[in-house]
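Work through the exercises below with the sequence and the 3D structure at hand. Try each task before reading its solution.

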Amino acid sequence: MIIKKREFFIGVVLLISFTVVLVVMLSPVMNGKTVIGYADDLFNELTKGSTYYIPDLMSRAENFEGQNFQVTLEAAGQEEAAKMNGLFTAAGAMVAVQEQTLTVSGDLGKIARAALADADAEFNNRGEEISSRYGIPSREAIYHWWNLFKALEKKYKLESRSGEMSFAGSVMTKGLEPAYNFEGIPSSRVADKAGVTTFMLAFYVIYTIWYGFAVMLIFEGLGISASAHGEKAEA
């Protein structure tokens with residue numbers, strides 16, 4: 001039973017208009033994309049733009065030039081071991097392969113710079129440079145680099161070499177992982193898209209409140225409210 005007609009009908013109008021806007025947002029009205037898809041792409045671009053640490057890592061790598069390492073890692077099979085051998089050797093490392101076990105040695109700083117150069121190309125959607133260099137898909141190359149630096153991080157941790165361990169971990173998490181995860185996505189800075197970003201965030205807040213007011217007014221029109229003790233009371 002409708003107790004307060006004015007509140008009830010205002011709530012119904014708000015709910016209907018909320019639904020109409022939702023239908024529009026789920027329609028391909030943004031150059032063939034839905035509004036939700038456009039917003040998702042936008043925030044992926046902004047997230048990618050905020051994770052570009054490769055130039056800083058390149059500078060840090062200079063501090064580790066001249067520090068030699070030797071580490072052993074396992075490939076998934078002999079075919080993968082051959083690809084990893086080709087990748088690491090081309091980058092200047094020495095590799096000994098026995099079936100699917102690789103023993104890799106080299107200069108930490110120089111090998112890190114090679115890995116980061118590939119990460120930079122992948123991050124900036126130039127994966128074809130990596131593929132032509134090694135003859136394997138670019139993301140696969142980044143994955144093999146990640147495995148090498150994962151093994152290095154573990155090695156340095158066991159040796160209590162915190163500086164090298166931190167650097168190897170940073171190459172993984174701040175260089176290789178963003179390049180791998182954001183491959184194919186354009187990069188944007190918040191400052192470059194401040195207007196549309198502010199609008200999207202403001203609209204999200206308003207749209208949420210819009211729905212909340214619609215439901216509240218409908219309930220109020222029906223005479224349903226919450227008591228001070230959290231129990232429903234009817235007028």
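## Exercise 1: Two helices in contact

In the contact of α4 with α7, Glu 80, Lys 83, Met 84, Leu 87 and Phe 88 of α4 meet Glu 140, Ala 141, Tyr 143, His 144, Trp 145 and Leu 148 of α7. The model is a predicted one.

Task: Into how many nonpolar, polar and charged residues does the contact of α4 with α7 divide? At what angle do α4 and α7 pack?

Solution.
Step 1. Sort the residues of the contact by class: seven are nonpolar, one is polar and three are charged.
Step 2. Find the angle: α4 and α7 (residues 138–158) pack at about 85 degrees, and their axes are 10 Å apart.
Step 3. Name the arrangement. Angles from 65 to 115 degrees count as roughly perpendicular, so α4 is roughly perpendicular to α7.

## Exercise 2: A second partner of α7

Task: Which residues of α6 meet α7, and at what angle do the axes of the two helices cross?

Solution.
Step 1. Locate the helix: α6 covers residues 127–134.
Step 2. Find the angle: the axes of α6 and α7 come within 8 Å and cross at roughly 75 degrees. That makes α6 roughly perpendicular to α7.
Step 3. List the contact: Gly 127, Ile 130, Ser 131 and Tyr 134 in α6 meet Ser 138, Ala 141, Ile 142 and Trp 145 in α7.
Step 4. Sort by class: this contact has five nonpolar residues, three polar ones and no charged ones.

## Exercise 3: α2 against α9

Task: How do the axes of α2 and α9 cross, and what is the handedness of the crossing?

Solution.
Step 1. Locate the helices: α2 spans residues 35–49 and α9 spans residues 194–221.
Step 2. Find the angle: their axes come within 11 Å and cross at roughly 125 degrees. This value lies outside the ranges for roughly parallel, antiparallel and perpendicular, so α2 is oblique to α9.
Step 3. Give the handedness: α2 passes α9 in a left-handed crossing.
Step 4. List the contact: from α2 come Tyr 38, Ala 39, Leu 42, Phe 43 and Leu 46, and they meet Val 196, Thr 197, Met 200 and Leu 201 in α9. The residues divide into eight nonpolar, one polar and no charged.

## Exercise 4: The sheet

Task: What is the order of the strands in the open sheet, and which strands are at its edges?

Solution.
Step 1. Read the order: the three strands of the open sheet are arranged β1-β3-β2, with antiparallel pairing.
Step 2. Identify the edges: β1 (68–74) and β2 (94–98) each pair on one side only.
Step 3. Note the twist, which averages 15 degrees from one strand to the next.
Step 4. Count the bridges: seven link β1 to β3 (residues 101–107), and five join β2 to β3.
Step 5. Find opposite residues: Val 71 stands opposite Val 104 in β3, and Thr 72 stands opposite Thr 103 in β3. Thr 103 is also the bridge partner of Ala 96.
Step 6. Look at the hairpin of β2 and β3: two residues lie between the strands, and Glu 99 takes a positive phi near 60 degrees.
Step 7. Add a helix: α5 (residues 108–123) lies across β1 and β3, running at about 105 degrees to β3.

## Exercise 5: One residue of a strand

Task: Is Leu 73 buried or exposed, and which residues is Leu 73 in contact with beyond its sequence neighbours?

Solution.
Step 1. Place the residue: Leu 73 is in strand β1.
Step 2. Apply the cut-off: buried means under 20% relative accessible area. Leu 73 has 7% relative accessibility, so Leu 73 is buried.
Step 3. List the contacts: leaving aside neighbours within four places in sequence, Leu 73 is in contact with Met 84, Gln 100, Thr 101, Leu 102, Val 104, Asn 147, Leu 148 and Ala 151.
Step 4. Compare sequence and space: Leu 73 and Thr 103 are 30 residues apart along the chain, and their C-alpha atoms are separated by 6.6 Å.

## Exercise 6: Positive phi in two loops

Task: Where do Asn 125 and Ser 160 lie, and how is each classed by accessibility?

Solution.
Step 1. Asn 125 is in the loop between α5 and α6. Asn 125 has a positive phi of about 60 degrees although it is not a glycine. At 33% relative accessibility, Asn 125 counts as partly exposed.
Step 2. Ser 160 is in the loop between α7 and α8 (162–181). Ser 160 has a positive phi of about 60 degrees and is not a glycine. At 65% relative accessibility, Ser 160 counts as exposed.

Conventions: Residues are numbered from 1 along each chain as its sequence is written. This is a predicted model: local features need pLDDT of at least 70, side-chain atom pairs count only at pLDDT 80 or more; totals for chains, interfaces and linings use all residues. Side-chain values use heavy atoms; hydrogens and water are left out. Axes are lines fitted to C-alpha atoms, for helices over the stretch in contact, and angles run from 0 to 180 degrees between N-to-C directions. Helices (H or I, at least four residues) and strands (E, at least two) are DSSP runs, numbered from the N terminus. Angles under 35 degrees count as roughly parallel, over 145 as roughly antiparallel, 65 to 115 as roughly perpendicular and the rest as oblique. A crossing is left-handed if the near helix is turned anticlockwise from the far one by less than a right angle, and right-handed if clockwise. Contact means heavy atoms within 4.5 Å. Ala, Val, Leu, Ile, Met, Phe, Trp, Tyr, Cys and Pro count as nonpolar, Asp, Glu, Lys and Arg as charged, and the others, Gly among them, as polar. Two strands pair if DSSP finds at least two bridges between them. Buried means under 20% relative accessible area, exposed over 50%, partly exposed in between (1.4 Å probe, protein chains only).
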